[in-house]
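Colleague: I am new to this structure and would like to start with a close look at a single part of the surface. Please take me through it slowly, and then show me how the strands elsewhere are arranged.

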Amino acid sequence: MSVSFRRNAALPRLSLLAIGLLAAVQAQAQTADADTSAADLDAVLVVAQRAERVSNGATNLDLAIKDTPQSISVVTGEQMRQFGATSVNDALRLATGVQVDEWETNRTSYSARGFDILNTQIDGVGLPNGWGVATGATDTFGYEKVEVIRGANGLLTGVGNAAGTINYVRKRPTNERQGAFGISYGSWSTKRVEADYSTPFTADGTWAGRVVAAHEDGDSYLRANENKRDYLYGVVDGQVGDNGTLTFGYSYQRAKSDGIMWGALAFMNSDGSQAEWPTSASTTQDWTYWNTTNQTAFAEYTHQLGEDWQLKVSYNYRRATGDEKMFYAYDALGTGLDPDTGLGLYGYPWGGEDKATAHLGAVTLNGHFELFGRDQEVMLGASLARSESNSWEQSADFASPAWGALPAFPYASNAIPEPAWSDSALYSVLNQRLKRAFGATRIALSDRLKAIVGVNYAQYRRDGNSYDLAFDQTTSHTSPYGGLTFDFSDHVLGYVSYSDIYQPQDQTDANDRYLDASKGVNYEAGIKADWLDKRLLTTLAVFKADQDGLATPTGEYNEYGSTIYAPVDVRSKGVEFEAVGKLAEDLDLVFGYTALKLDGLDGDDTYSWVPRRTANLLLSGRLPGYKALSLGIGGRWQSDIFNVESSGYPVRQGSYAVLNAFAAWDFLPNATVRVNVNNIADEKYINTLRYSGYYGAPRNYTLSLNWRF
């Protein structure tokens, strides 16, 4: 098992000027007439929108989760706070059916229903095509919630596979002044400070702003690994005229990681036995690092066209830069390590820089009309996305000990001196364009039966070069979407849905040619029911996806060290169950279970690193006799997985569960102290076998203090 040498640009994220904007607008508000009477806030358009703002979910229509004919999970801000999910990776581990594969310290893949999740969005706006890898740890403090729409979703994204879509929902200004400040200290000297402040700028509440900031740094359970992250986000929104609202914001994140792993551990010995290393084992050297800077600016304008129609125009700009020095330790001979000496690894040093920018514009028109004597809803839209990315590399001196045979593993983090590096040379240029036109309507055929139909046209183009490969490709596709919901009663709803699969692919074959887009179909049927006076919602879904021509690694590499892929027809089918809500007034529950079967080129062994069964649990509540004290337990379980290293021997990880818990005390009405314990049982496990893997974190603790005003 080996990881590709291929690089990808860091995913764009967020920018910085909101602090100045907030200060300027607030200063102007403070000079206003203090005797101005407050208007009726319910009559103010922007205030009502802030109070009722929701994501449009799977269809871009304003549907409740229960009424949407797909499986949707939501990780709330409260759940992220309770279980200490300060990064996106931690937050997605709380979601039903999502697999988080950290196959390096700074690169992660997400998957659902057996396939990589290739589509991510922020407030419903997505990037052009990407190969599904998240670089670094993105802070969650700027998000109100994270939505996961499982299954194919061509209508929402224009391109998509059978895995699903992740949508991050930004925090927005609140109707009243409020703020929060928090500090925490945890295992491996991990320190965090965060602040969140929102305030109206005008007496009538028509303009408001919010600033969010966080700083985190600390060591790691992994040898020589250190991480530091600074995050800043600001947003302003307000009313323009009688019918318009304007929102604009910026955010910025700078992340620095030292002692990083490129690739990870080798687990197989030359005699076929599986090696076991200390939990802290790492192939890194002290001179390695990976630093990223990510910025985003966005603006949205919404205009009310009469009582029933609304026009929305949005623009997003994203910029990401990165620089890194990395060291790859691998089994070059494909024989495995010598079990007696620990010899058998070879080194590969690499340095580089990357820069990516993206522009995304969209316009949508939502409205209601009457048909069959009932209220109906329709959505029409168009979008244009453009991104540019450039990557440079620095070659290491071939006389350096970083090349060739390495000392016995595990070796010290200062065993190999840093090599001399060449000047940077441009090796990759990628330009991408995605044009979309889409529409959907929800038709109430009767009081109980409703249909959702939609269509999306997408044109995708990429051009550029990578090493000696030049390319200029254009492809287009029209994707239909359909769904039916039927209310069996006031509490039980059944649904069926169909979605087209169309996903341009970034992987190349043995001739360095990009694979054609993967195509197929996705079917889902389910029952959603609410219980306990609608406090608890359960979803039982069965799904089937046929995805043709899906890029699958062959285990071979080209002359540049990049993995060679082949198109494979893969079938996924399974069942999912989720229960979300309140079991009692002060007892919250999230429980999910997924069972699936994957079949492709290797039969049932297709994508053997994907667990066929997973379960997740979040249970939290307050003590009935003393509500100032809250407790919670959560965790994930997965079935066994395996993969084959370059030696030809399979690496195996048996089924395991990781349990986490928290206890919080509101020692003042506006102040809380919380203790989090992760991996309570101190389970030792390989975190993934996706490409490569290393051990997950052992038992660890965090003590935090939060003050609200």
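Modeller: Happy to! One definition to begin with: strands here are DSSP runs of E at least two residues long, numbered from the N terminus. Please also keep in mind that this is a predicted model.

Let's start with the nonpolar patch on the surface, formed by F181, I183, V193, L623, Y626, L631, W665, F667, L668, L705, W707 and F709. Together these residues have about 1,100 Å² of accessible area. Four strands each give two or more residues to this nonpolar patch: β10 (178-186), β29 (626-638), β32 (656-668) and β34 (700-708). Of the contributors, β32 gives the most, with 3 residues. A good one to find on your screen is L668, which lies in strand β32. Its relative accessible area is 42%, and L668 therefore counts as partly exposed, the class between 20% and 50%.

The surface also has a patch of another kind, where D219, E226, D258 and D286 gather as a patch of negative charge. Among them, D286 sits in the loop between β14 (244-258) and β15 (289-305). With a relative accessible area of 44%, D286 is partly exposed.

Now turn from the surface to a strand with much more cover. In β23 (residues 492-503), 9 of the 12 residues are buried, so this strand is largely enclosed by the rest of the structure. On one hand, β23 is joined to β22 (residues 469-487) by 7 bridges, and the two run antiparallel. β22 and β23 form a hairpin, with 4 residues between them. If you want a pair to look for, G483 stands opposite S497 in β23. On the other hand, β23 pairs with β24 (residues 518-531) over 12 bridges, again in the antiparallel sense. There, V496 has A525 of β24 as its bridge partner.

Finally, have a look at an open sheet of 5 strands, in the order β1-β8-β9-β5-β6, with mixed pairing. β1 (71-76) and β6 (125-126) stand at its edges; each has a single partner strand, so one side of each is left without a neighbour in the sheet. Within this sheet, β8 (residues 143-150) and β9 (residues 164-170) run antiparallel and are joined by 7 bridges. To find your way there, look for V146, which stands opposite Y168 in β9.

Definitions and conventions:
Residues numbered from 1 in each chain as written. Predicted model: local features only at pLDDT ≥ 70, side-chain atom pairs only at ≥ 80, totals over all residues. Heavy atoms only, no water. Patch = residues over 30% accessible without salt bridge, like charges linked within 9 Å, V, L, I, M, F, W, Y side chains within 5 Å. Areas by Shrake-Rupley, 256 points an atom, 1.4 Å probe, with all protein chains shown as cover. Salt bridge = Lys/Arg side-chain N within 4 Å of Asp/Glu carboxyl O. Lys, Arg positive; Asp, Glu negative; His and termini not counted. Charge placed at Lys NZ, Arg CZ, Asp CG, Glu CD. Buried < 20%, exposed > 50% of the residue type's maximum accessible area, 1.4 Å probe, protein only. Pairing = 2+ DSSP bridges.
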